[in-house]
Amino acid sequence: MPDVFVNYRSGDGDQAAATIEEALSHRFGTDRIYRASKSIAPGEPFDSDLIRGVRRSGVLLALIGPGWAEHPALGKDSDWVSREIQEAFLCDIRVIPVLIGRRTERPVRDDLPRPLQKLADCQSLRYDDRNKEYDLKQLGDWLARLVPELAEADREPPLTPEPGAGTHNTAGDVRGSSVQTGTFSGGVVHIGPSKRSVRMGDGGNYVEGDNSGGIHQTFRRDRRQEGDGR
């Protein structure tokens with residue numbers, strides 16, 4: 001039984017669909033991710049298989065490329081992209097728009113056919129091939145939170161800080177003293193016996209204290225979830 005149905009249009013999202021499906025299949029198991037060209041067996045009636053795949057899923061990912069909203073088939077009875085999304089809405093299945101590329105904007109409600117207008121109100125995520133690793137990780141993390149069966153099958157659970165350790169950080173290559181890692185608390189990371197500190201804020205990082213030889217550090221920051229129009 002698939003838990004995630006990948007909805008996409010050929011020529012406006014099929015490459016991203018293949019990449020996303022492959023990454024999610026590797027993380028959660030191939031049988032849990034439905035993509036038509038992979039999941040429909042040769043000789044199988046595709047129309048009944050597609051509808052059955054949507055109805056048995058917990059989440060439908062609606063991949064939206066740059067030309068998605070202007071496609072002439074959008075909203076027509078013969079358009080399977082539209083029919084799959086409508087079926088998910090009718091079955092009360094969660095639909096997540098996935099905006100492909102940096103410049104793709106969320107669909108505007110008034111520009112969509114009436115049966116698809118609800119899509120404009122759904123919180124979206126973004127997939128950009130130039131930010132592939134992060135975007136795929138974020139997509140997988142969200143699916144694991146939303147679908148309990150995926151959380152149980154997750155081969156790559158999100159990292160969580162140890163109790164009392166604060167925000168996860170990595171520090172290393174500190175020369176002029178022994179290499180030590182520190183914990184992040186209150187915007188300051190204390191490193192090494194000389195009490196050097198690194199302050200973090202929205203504008204970046206800066207280092208206090210003596211540093212004979214330089215310091216190299218890596219901090220991971222989560223990008224804001226897409227979907228609020230920014």
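## Starting from strand 1

Four bridges link strand 1 (residues 4-7) with strand 3, and the two run parallel. One residue pair helps you find the spot: F5 has L60 in strand 3 as its bridge partner. Keep in mind, as you look around, that this is a predicted model.

## The sheet as a whole

Strands 1 and 3 belong to an open sheet of five strands, paired in parallel and ordered 2-1-3-4-5. Strand 2 (33-34) and strand 5 form its edges, as each of them pairs on one side only.

If you are tracing side chains along the sheet, a general point may help: in a regular strand they alternate between the two faces of the sheet.

## Strand 4 and its neighbours

Next, let's follow strand 4. On one side, strand 3 (residues 59-64) pairs with strand 4 in the parallel sense, over six bridges. Here L63 has V98 in strand 4 as its bridge partner. Strand 4 also pairs with strand 5 (residues 125-127), again in the parallel sense, over three bridges. In that pairing, I100 stands opposite Y127 of strand 5.

Is strand 4 enclosed by the rest of the structure or exposed, and why? Of the seven residues in strand 4 (residues 94-100), six are buried, so the strand is largely enclosed by the rest of the structure.

## Helices across the sheet

The path from strand 3 to strand 4 involves helix 4 (residues 80-90): together, strand 3, helix 4 and strand 4 make a right-handed β-α-β unit. Helix 4 lies across strand 1, strand 3 and strand 4, and runs at about 145 degrees to strand 1.

Helix 5 also lies across strands: strand 1, strand 3, strand 4 and strand 5. Its direction is at about 145 degrees to strand 5.

## Where helix 1 meets helix 5

Two packed helices are described by the angle between their axes and by the distance between those axes. For helix 1 (residues 14-28) and helix 5 (residues 132-146), the packing angle is about 55 degrees and the axes are 10 Å apart. That angle makes helix 1 oblique to helix 5. The crossing of helix 1 past helix 5 is right-handed.

Which residues of the two helices meet? Helix 1 contributes T19, I20, A23, L24, R27 and F28. On the helix 5 side, they meet K132, L136, K137, L139, G140, D141, L143 and A144.

How values were computed:
Residues are numbered from 1 along each chain as its sequence is written. This is a predicted model: local features need pLDDT of at least 70, side-chain atom pairs count only at pLDDT 80 or more; totals for chains, interfaces and linings use all residues. Side-chain values use heavy atoms; hydrogens and water are left out. Buried means under 20% relative accessible area, exposed over 50%, partly exposed in between (1.4 Å probe, protein chains only). Two strands pair if DSSP finds at least two bridges between them. A crossover is right-handed if, with the strands pointing away from the viewer, the path from the first strand over the helix to the second runs clockwise. Axes are lines fitted to C-alpha atoms, for helices over the stretch in contact, and angles run from 0 to 180 degrees between N-to-C directions. Angles under 35 degrees count as roughly parallel, over 145 as roughly antiparallel, 65 to 115 as roughly perpendicular and the rest as oblique. A crossing is left-handed if the near helix is turned anticlockwise from the far one by less than a right angle, and right-handed if clockwise. Contact means heavy atoms within 4.5 Å.
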